[in-house]
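Subject: Structure handover and notes

Dear colleague,

I am passing on the structure below, together with some notes on what turned up when I went through it. Please read them with the coordinates open.

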Amino acid sequence: MAKLDWHTYPGADEVARAAADFIAEQAAAALQARGRFRIVLAGGRTPEAAYRLLRAAQQPWSAWEVYFGDERCLAAEDVERNSQMAARALLDLVPIPADQVHIIPAEAGAAAASTAYAPIVAKGAPFDLVLLGVGEDGHTASLFPGQALDRTAWTVAITDAPKAPRERVSLGLRGLRATRALLVLACGAGKRGAIAAWRAQEALPITEVTDGADGRVLLDCDADPSR
Ligand code: 6PG
């Protein structure tokens with residue numbers, strides 16, 4: 001892969017299937033090359049179906065190491081946490097060793113959690129695959145338009161996110177780009193504008209994070225402005 005490959009599918013179910021297949025492919029390549037697979041999971045709703053499909057994948061789960069691209073500053077068991085979504089969809093259902101699932105301690109508050117998670121990200125990098133969603137405003141992870149993007153920060157504390165909750169922790173540009181490949185998922189007509197702006201290279205977090213990166217973008221027809 002020398003660049004981002006863009007693929008458009010009829011609907012969200014096909015995007016989820018293609019995402020699960022790509023993740024499994026990347027895992028096989030990483031395991032072959034390095035004996036382990038380090039993946040950074042995306043939050044939000046879009047990736048959940050792909051995580052559910054991965055349950056059936058025949059994977060050497062003990063060689064997987066899981067990180068999170070961002071987390072909402074909510075109680076650890078809050079169902080709205082990205083870590084809880086991933087646990088329900090996949091992590092509680094496959095035998096990845098608990099000490100290889102690196103949950104962002106966002107319940108401690110953005111500043112403390114960002115400080116605590118930064119060395120974990122630095123130690124885990126470079127990742128084999130970073131998953132990303134795209135917001136309707138062009139945000140990705142919890143990097144939102146209008147925020148100064150510190151290129152040196154592994155993690156960032158967010159206290160004014162326009163998408164609830166306002167307080168979050170995100171991998172910074174450095175953390176999200178410290179990977180062999182990216183996988184970006186976007187479904188639904190609400191994302192058309194953000195995808196069009198990204199394709200026009202507008203200065204958005206999704207543009208900055210993916211600029212020059214290797215990987216794959218999976219859209220459904222509704223999210224693809226060229227359809
Ligand atoms: C979050 C995610 C966020 C998400 C996008 C897309 O905490 O919600 O980190 O970046 O990936 O907002 O969300 P959907 O997949 O729900 O559209």
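A141 sits in the loop that runs between β5 and β6, and in this predicted model its phi is near 50°, a positive value in a residue that is not glycine. Most residues other than glycine have a negative phi, so this is a backbone position that you may want to look at. With a relative accessibility of 16%, A141 counts as buried, because the limit for that class is under 20%. A141 also belongs to the ligand site, being among the residues that come nearest to the ligand, along with T46, D70, H139 and K163, out of 14 residues around it.

As for the ligand itself, three side chains place polar atoms at short listed distances from its oxygen atoms. An N or O atom in the side chain of T46 is 2.6 Å from an oxygen atom of the ligand, a polar side-chain atom of H139 lies 2.6 Å from a ligand oxygen, and for K163 the distance from a polar side-chain atom to an oxygen of the ligand is 2.6 Å. Taken alone, the ligand would expose 410 Å², and the protein buries 96% of that area. The space that the ligand takes up is the largest pocket, and the shell around the ligand is made up, by class, of 2 nonpolar, 6 polar and 6 charged residues.

Another positive phi, near 60°, is found at Q201, which again is a residue other than glycine; Q201 lies in the loop between α6 (192-199) and α7 (205-210).

The model also contains cis peptide bonds, which I mention since most peptide bonds are trans. One of them joins A125 and P126, with omega at about 0°, and P126 is located in the loop that connects α4 (110-124) and β5 (129-133). A cis peptide bond also joins A164 and P165, where omega is about -5°, and P165 is placed in the loop between β6 (155-158) and β7 (168-171).

Which residues in the loop between β4 and α3 are worth a look? One is R81, in the loop between β4 (70-72) and α3 (82-89), and another is E77, which is found in the loop between β4 and α3. R81 has a relative accessibility of 1% and therefore counts as buried, and a polar atom of its side chain lies 2.9 Å from the backbone oxygen of L74. E77, by contrast, has a relative accessible area of 63% and is therefore exposed. E77 and R180 are 103 residues apart in sequence, and their C-alpha atoms are 31 Å apart in space.

Finally, is G35 buried, partly exposed or exposed? Its relative accessible area is 48%, so G35 is partly exposed. G35 is located in the loop between α1 (12-34) and β2 (37-41), and although 29 residues separate G35 from W64 in sequence, the two are 9.2 Å apart in space, C-alpha to C-alpha.

With best regards

Methods:
Residues are numbered from 1 along each chain as its sequence is written. This is a predicted model: local features need pLDDT of at least 70, side-chain atom pairs count only at pLDDT 80 or more; totals for chains, interfaces and linings use all residues. Side-chain values use heavy atoms; hydrogens and water are left out. A residue is near a molecule or strand if one of its heavy atoms lies within 4 Å of it. A polar contact is a pair of N or O atoms within 3.5 Å; within protein, one must be able to donate a hydrogen and the other to accept it, and residues adjacent in sequence count only if both atoms are side-chain atoms. Accessible areas come from the Shrake-Rupley method with a 1.4 Å probe; for residues, only the protein chains shown count as cover. On a 1 Å grid over the protein atoms alone, a cavity is a set of points where a 1.4 Å probe fits but cannot get out, and a pocket is an open set with protein on both sides within 12 Å along at least five of seven lines; lining residues have an atom within 4 Å of a point. A molecule sits in a cavity or pocket if more than half of its atoms lie within 2 Å of its grid points. Ala, Val, Leu, Ile, Met, Phe, Trp, Tyr, Cys and Pro count as nonpolar, Asp, Glu, Lys and Arg as charged, and the others, Gly among them, as polar. Helices (H or I, at least four residues) and strands (E, at least two) are DSSP runs, numbered from the N terminus. Buried means under 20% relative accessible area, exposed over 50%, partly exposed in between (1.4 Å probe, protein chains only).
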